[in-house]
Amino acid sequence: MCNDKRLQNCVLKNRPTLTSCREYVNISKSNSGEKMERIAIIADIHSNLQALKAVLKNIKEQGIEKIICLGDIIGKGQNAHECVQLVKKYCQIVVAGNTDKRFSGDAEPFKEDKVEYGRIKWNRSLLTQDDVDFLQAIPFSYEFEVGGKLVRFFHATPKSMFDFVNSFEKDLGKNHAMFLPSENTMSQKIADVVIYGHLHYPFLTTIYNKTLICCGSVGLSTSYIQNDQRNSSPEEITKAHYVVMSIDNDQSLSYQFVSVKYDKQKEIASNTQNPELETFKTEIEHGIYRNMQRTIKTLEDKGFENI
């Protein structure tokens with residue numbers, strides 16, 4: 001059994017039990033002597049099976065054996081069961097996303113919202129009971145310490161799976177709060193590095209000598225801000241994205257942002273029963289978030305200009 005009680009809360013059932021956070025990051029020299037460990041961090045798959053397969057293949061080709069998934073395995077696409085099975089097979093650590101909990105949960109509380117109620121019912125129909133049990137059991141967060149730094153992982157914020165904190169917040173207190181603990185985190189320590197998903201676009205920024213990283217989206221990569229007069233081609237941003245975290249011999253951390261091409265048309269063709277196929281197709285092909293108008297209004301309400 002794992003002697004680290006915090007770790008017991010984050011390791012998934014039926015996965016190999018890790019004896020310590022330190023063992024998970026494997027603080028020892030690799031064969032090359034240059035890197036001690038590399039960990040792939042993926043998120044926001046959204047039932048896009050072709051994107052997930054392409055990313056897992058790319059991770060394997062790089063010789064990376066450890067994968068952390070930051071949630072939103074399901075939702076939006078049709079291949080929910082298949083994606084859950086691959087995540088269970090290849091990801092040692094998984095934390096929960098908002099769609100994982102909502103779309104594997106009870107639809108009845110949303111009965112007055114016909115759109116959301118229909119989405120939950122449809123997603124539940126794609127899942128087996130084992131899938132539901134797995135998704136409902138996923139913990140909120142994960143963390144480990146390396147080189148005197150606390151690295152924390154969650155889907156959206158330390159307090160919520162649903163809130164949005166972007167790379168360009170006018171209120172820097174929101175960015176700082178990403179490093180603070182909550183009742184949902186494994187410890188009550190302040191993090192030095194935070195890696196999360198939810199936003200569907202990758203970035204790295206530093207604030208107060210801390211590092212904030214969004215790993216991007218495997219299955220529904222988007223550009224958060226769109227303007228037809230300013231947009232470049234969506235080819236690059238609509239690839240599948242993930243991050244590789246490397247732990248050097250001196251226990252310093254470095255990060256690589258990876259983009260992977262995948263067969264979008266094959267994924268779209270497999271979504272014949274998707275009730276929101278056209279919206280899903282637009283997101284996959286053009287990187288346009290389905291609630292883009294609401295997003296722009298939110299930014300304007302916050303005082304952003306010349307969007």
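**Salt bridges and one helix face**

Okay, let's start with Glu236: at 41% relative accessibility, Glu236 counts as partly exposed, meaning between the cut-offs for buried (under 20% relative accessible area) and exposed (over 50%), with a 1.4 Å probe and protein chains only. Its partner Lys239 is buried, at 16%. The two form a salt bridge, with the closest N and O atoms 3.0 Å apart; that term takes a side-chain nitrogen of Lys or Arg within 4 Å of a carboxyl oxygen of Asp or Glu. Elsewhere, Arg102, Glu116, Arg119 and Glu276 are joined into one network by salt bridges that share partners.

Quick housekeeping: this is a predicted model, where local features need pLDDT of at least 70, side-chain atom pairs count only at pLDDT 80 or more, and totals for chains, interfaces and linings use all residues. Numbering runs from 1 along each chain as its sequence is written, and side-chain values use heavy atoms, leaving out hydrogens and water.

Back to that network: Arg102 and Glu116 meet at 3.1 Å, N to O. They sit 14 residues apart, in helices H5 and H6, and link distant parts of the chain. Helices here are DSSP runs (H or I, at least four residues), strands likewise (E, at least two), numbered from the N terminus. Arg102 is partly exposed at 27%, while Glu116 is buried at 10%.

Then there's Arg152 with Glu143, at 2.9 Å, N to O, and both are buried. The salt bridge count comes to 10.

Last stop, H7, residues 129-137: which residues are buried there? Asp131, Val132, Phe134 and Leu135. They're on the same side of H7, because they cover an arc of only 165° around the axis, taken from the directions from the helix axis to the C-beta atoms. The buried residues of H7 pack against H4 (80-90), S3 (93-94), H5 (98-103) and H6 (114-125), contact being heavy atoms within 4.5 Å.
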